[in-house]
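Q: I am new to this structure and would like a close look at one part of it, the hairpin and the sheet to which it belongs. Please start there and then place that part in its surroundings, step by step.

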Amino acid sequence: MRRISGFALVAAVLLAALTTTPHVQAQSGPRTEGDAVSARGLYQAEVPVNGQGEAERQGGFARALGSVLGKLSGDRGVMSRPGVGAELRNAKDYVDGYDYRQDQGTSASGAPTFRTTLVVRFDEDQVNGLAGALGLPIWPQPRPKPVVWLAINDGSGPRLVGLPQSNAARPLLNRAVERGYSLGLPGGGAAEQALVGAIWRQDTAAVARASSRYSPPMQLIGKLYRDKSGWTADWVFVDAGKVLAKWSVTDADARRAMSSGADGTADALVKRYGKRGYASPAGTYRVLFTGVRSTDDYLRLTGHLQKMAVVRRITPVRASGDTLELDLELVSGLAGFRRTMGDEAPFTGGEGEPPAYQMR
């Protein structure tokens, strides 16, 4: 049985796309007038929705939970991991509270635009339990804040993006937050502006020396420039003098090319510092259920098993009296199975080898 399952021009362009005027509609918790709600921390996320109806909200919960699991694990492909997609259907069970925000912007024609954003706060313990049950890797906290040494050339020569020009780097900084960490910018004084040539040559040693006043000793070195295909961003990520990763991205949109620096950095950090999930290995496990005395008991049992994200396949093996023996294909082993049973499970126990559960 299968489970159902110009530097200034560049800055202006980027800012035009990012400028909004927030208006809050509070759905949970007191807020003062003009206090804009936004997602903060690993266990909160915000997603655009088409309205405030129930169906839109439930879909928004699922996408927000996927975003939180991505930040927690550092895995941008987390949605494709076994069991994750199925459990997102139960995202409302992990929600601790939510709000809506109305964002106002301007279209290319100058007309005002409006977008509704759902901001969701999830229960930390429950989400940690889910991540463990699904065997997701964990990117531990506290997380480092690498310094970005970014030079942009719009055709008039490369210039460093420092703190005074932080809005020009907003797509990069925001994407890092979406991935669950932060990036910092250098102060941008005259001495650092003179470093732009070293950045353009990707002279990691020179950049590391200039960055020694900052902590931690991690540098994301990038250059963004126009080419025939649009914009190209070349990146190098350095940790304590060691190059961990190099990558290049070309895109018609300067914002997407720029934000690629945050993704590559996150991937490199997770690869080096991430920890494997603590659930037991995936595989097929023999499990016994006693007290299965009627068709109703059988349907309650199999119905609950089919809803569990860690269960991929259910294969009946043997029935004797009121005992049913099943082979369960589990994405995170018996440890994951026990963590995702839930209080509403129609069975208890789990002792022995193979584990035996009793119907309530």
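**The hairpin and its surroundings**

A: In this predicted model, strand β8, residues 230-239, and strand β9, residues 242-251, run antiparallel and are joined by 9 bridges. One of the pairings that can be followed by eye is that of F237, whose bridge partner in β9 is A245. The two strands form a hairpin with 2 residues between them, and A240 lies in this loop between β8 and β9. The backbone of A240 deserves a second look, since its phi is near 50°, a positive value in a residue other than glycine. As for its surroundings, A240 has a relative accessibility of 60% and therefore counts as exposed, the cut-off for that word being over 50%.

The hairpin is part of an open sheet of 5 strands, which follow one another in the order β6-β5-β7-β8-β9 with mixed pairing. At the edges stand β6, residues 159-160, and β9, each with a single partner strand, so that one side of each is left without a neighbour in the sheet. Elsewhere in the sheet, β5 and β7 run parallel and are joined by 7 bridges, and within this pair W149 has I221 of β7 as its bridge partner. The antiparallel pairing of β8 with β9 and the parallel pairing of β5 with β7 are thus two examples to keep in mind when reading the description of the sheet as mixed.

The loops that lead into these strands hold some backbone features of their own. The peptide bond from Q141 to P142 is cis, with omega near -5°, and P142 has its place in the loop between α4 and β5, the strand of residues 147-153. Another cis peptide bond runs from S215 to P216, with omega near 0°, and P216 lies in the loop between α8, residues 204-210, and β7, residues 218-227. The loop between α7, residues 196-201, and α8 holds Q202, which has a positive phi of about 55° although it is not a glycine. With a relative accessibility of 25%, Q202 counts as partly exposed, because that class lies between the limits of 20% and 50%. Helix α5, residues 170-178, has P171, L172, L173 and A176 among its buried residues, and this helix is followed by G180, whose phi is positive and near 95°.

Further along the chain, other strands pair around β10, residues 283-290. Strand β10 is joined to β12, residues 323-330, by 8 bridges, and these two run antiparallel; R286 stands opposite D327 of β12. With β14, residues 356-359, strand β10 pairs in the parallel sense over 3 bridges, and there L288 has A356 as its bridge partner.

Helix α10, residues 295-307, has 13 residues and spans 18 Å from its first C-alpha to its last, close to the 18 Å expected at 1.5 Å a residue. Its residues D297, L301, T302, H304 and L305 are buried. Seen down the axis of α10, the buried residues fall within an arc of 160°, so they line one face of the helix. On the other side of α10, T295, L299 and K307 are exposed. The cover over the buried residues of α10 includes the strands β10, β12 and β14, and it also includes β11, residues 311-320, α11, residues 333-339, and β13, residues 347-351.

Helix α10 also takes part in a pocket, because α10 and α4, residues 124-133, each supply at least two residues of the lining of the second largest pocket. About 490 Å³ of space lies in this second largest pocket, which is lined by 18 residues, with E87, Y94, T340, G342 and E344 nearest its centre. The helix that gives the most to this lining is α4, with 4 residues. Helix α4 also brings the reader back to the sheet, as the loop between α4 and β5 is the place of P142, and β5 stands between β6 and β7 in the strand order.

Note on methods:
Residues numbered from 1 in each chain as written. Predicted model: local features only at pLDDT ≥ 70, side-chain atom pairs only at ≥ 80, totals over all residues. Heavy atoms only, no water. Pairing = 2+ DSSP bridges. Expected span 1.5 Å × (residues − 1). Buried < 20%, exposed > 50% of the residue type's maximum accessible area, 1.4 Å probe, protein only. Arc of directions from axis to C-beta. Contact = heavy atoms within 4.5 Å. 1 Å grid on protein atoms, 1.4 Å probe; cavity = no way out; pocket = protein on both sides within 12 Å on 5 of 7 lines; lining within 4 Å. Points joined across faces, edges and corners; volume = space filled by probe spheres on them.
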